[in-house]
Amino acid sequence: MTWKTILYDYVHHRNQMDIDYSVDPMLPIVEDEAYLHDQTARLSRRAATDKDRHFMPVKSETRLTILRAAEREDRVMADVLLRRTSVGQIGHSSYEEQRLEQERVTLVPGADGWIIAKIEALQTEAALRLKPAVAGGIMEAEDEFAAVGLMRAPSVPFLNRQLVPELQHSAARAIYNRMEAARYADLWWDKGNPAYLTFEVNCSNYVSQCLFAGGAPMKHTGQRDTGWWYKGRVGGRELWSFSWAVAESLQFYLLTSRSGLRAQEVSSAAELEPGDVISYDWDGDGRFQHTTVVTAKDSNGMPLVNANTVSSKHRYWSYTDSPAWTERTRYRLLHISDSF
């Protein structure tokens, strides 16, 4: 079989793995022990979460796109985009979740054809706490892509270079439109709104856009470390506040703001409504690294969220199936004030 056939087999087996909560379907073609170990832990956590919420997985489908490939006699390295759709049930209610994930898959010749030697996530919710790549990891992989004339963008946050006009509401609105915030989140979960700059780590920029779409007024100070505002790229300068685009700064602003956009921390996820915000501290060290926006609730009254970086739509709020999740993970559950 060709290496491309193995990639499509991998996708098929991964779908089955997520239904069975087991890596067994992967074993014939994947020899990456670290990946299999991490997936086993992830599936165990997800199985426990699904049991707690009485959720039964029904179907998992994935559309594979090969973004680029570096081919050699002794290996193939392929960057792939996986558009995943999962369907499950709680009682008689059905729920559909979607995600976009990027991976780098390394294949090598085996006794009976190609096998997968390594699988690396190119985007994770833990992106902000990852250490610099070392030899044998991404840096070595970049050298290999360079050898065949294929280079990827730098791994540091970047902004696209499109000139963006200043964005302001035409008229201030006193009431937060939660449904409009959720509608915007569902519209743009899998692509960047061209009216805004797009960051490599885009979760808080995306959530801020949702809040703004719901009528939250910007507090423009012109200073990066105060207010909550966005202008884009003007005259070669990037103009936006840290609270607009940085997870730690956004949750801090929401809790300390006394006028306009502000939030109250609640003790239970069930208290959240569409348009509310959840911040995630993966390590429990007090620094929040990820942000999501509530877009729906399941039949248990628990939030389903949308996010960027690893683009997700109607994902269960606890993120226990994320590779970033740890036993020390803390959540900040932020109920946005209904009036500004």
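Which residue in strand 12 is the bridge partner of Ile278? In this predicted model, the partner turns out to be Leu333.

**Strand 8 and its neighbours**

Let's stay with strand 8, which covers residues 277-281 and is mostly covered itself, with five of its five residues buried. Val277, Ser279 and Asp281 point one way from the strand, while Ile278 and Tyr280 point the other way. Strand 8 has antiparallel pairings with strand 9, over four bridges, and with strand 12 (residues 330-336), over five bridges. On the strand 9 side, Val277 has Val293 as its bridge partner.

**Rings around the strand**

Tyr280 also belongs to an aromatic cluster, together with Trp282, Tyr316, Trp317, Tyr319 and Tyr331. Across the model, the count of aromatic pairs comes to 15. One of them joins Trp240 and Phe242: with 80 degrees between the planes and 6.3 Å between the centres, the pair is edge-to-face. Trp282 and Tyr319 make a tilted pair, with the centres 6.0 Å apart and the planes at 45 degrees. Trp282 sits in the loop between strand 8 and strand 9, and Tyr319 in the loop between strand 11 (312-316) and strand 12, so this pair ties together parts that are 37 residues apart in sequence.

How do the four ring residues of these two pairs fare for burial? Here are their values:

| Residue | Relative accessible area | Class |
|---|---|---|
| Trp240 | 8% | buried |
| Phe242 | 34% | partly exposed |
| Trp282 | 0% | buried |
| Tyr319 | 0% | buried |

Phe242 is partly exposed because its 34% falls between the 20% and 50% cut-offs.

Trp240 has a charged companion too: Arg224 lies over the face of its ring, 3.9 Å from the ring centre. Elsewhere, the charged end of Lys191 sits over the ring of Trp188, at 5.4 Å from its centre.

**Asp298, a loop residue**

Is Asp298 buried or exposed? Asp298 lies in the loop between strand 9 (290-297) and strand 10 (303-307), and its relative accessibility is 6%, so it counts as buried. Leaving aside residues up to four places away in sequence, Asp298 touches Arg53, Ile90, Tyr95, Leu304 and Tyr316. Tyr316 is also one of the members of the aromatic cluster described above. Tyr95 is 203 residues from Asp298 along the chain, yet their C-alpha atoms are separated by 7.9 Å. Within its own loop region, the side chain of Asp298 reaches the backbone nitrogen of Asn300 at 2.8 Å.

Technical notes. Residues are numbered from 1 along each chain as its sequence is written. This is a predicted model: local features need pLDDT of at least 70, side-chain atom pairs count only at pLDDT 80 or more; totals for chains, interfaces and linings use all residues. Side-chain values use heavy atoms; hydrogens and water are left out. Helices (H or I, at least four residues) and strands (E, at least two) are DSSP runs, numbered from the N terminus. Buried means under 20% relative accessible area, exposed over 50%, partly exposed in between (1.4 Å probe, protein chains only). Contact means heavy atoms within 4.5 Å. A polar contact is a pair of N or O atoms within 3.5 Å; within protein, one must be able to donate a hydrogen and the other to accept it, and residues adjacent in sequence count only if both atoms are side-chain atoms. Two strands pair if DSSP finds at least two bridges between them. Rings of Phe, Tyr and Trp (its six-membered ring) pair if their centres lie within 6.5 Å; planes under 30 degrees apart count as stacked, over 60 as edge-to-face and the rest as tilted. A charge sits over a ring if NZ of Lys or CZ of Arg is within 6 Å of the ring centre and within 35 degrees of the ring normal.
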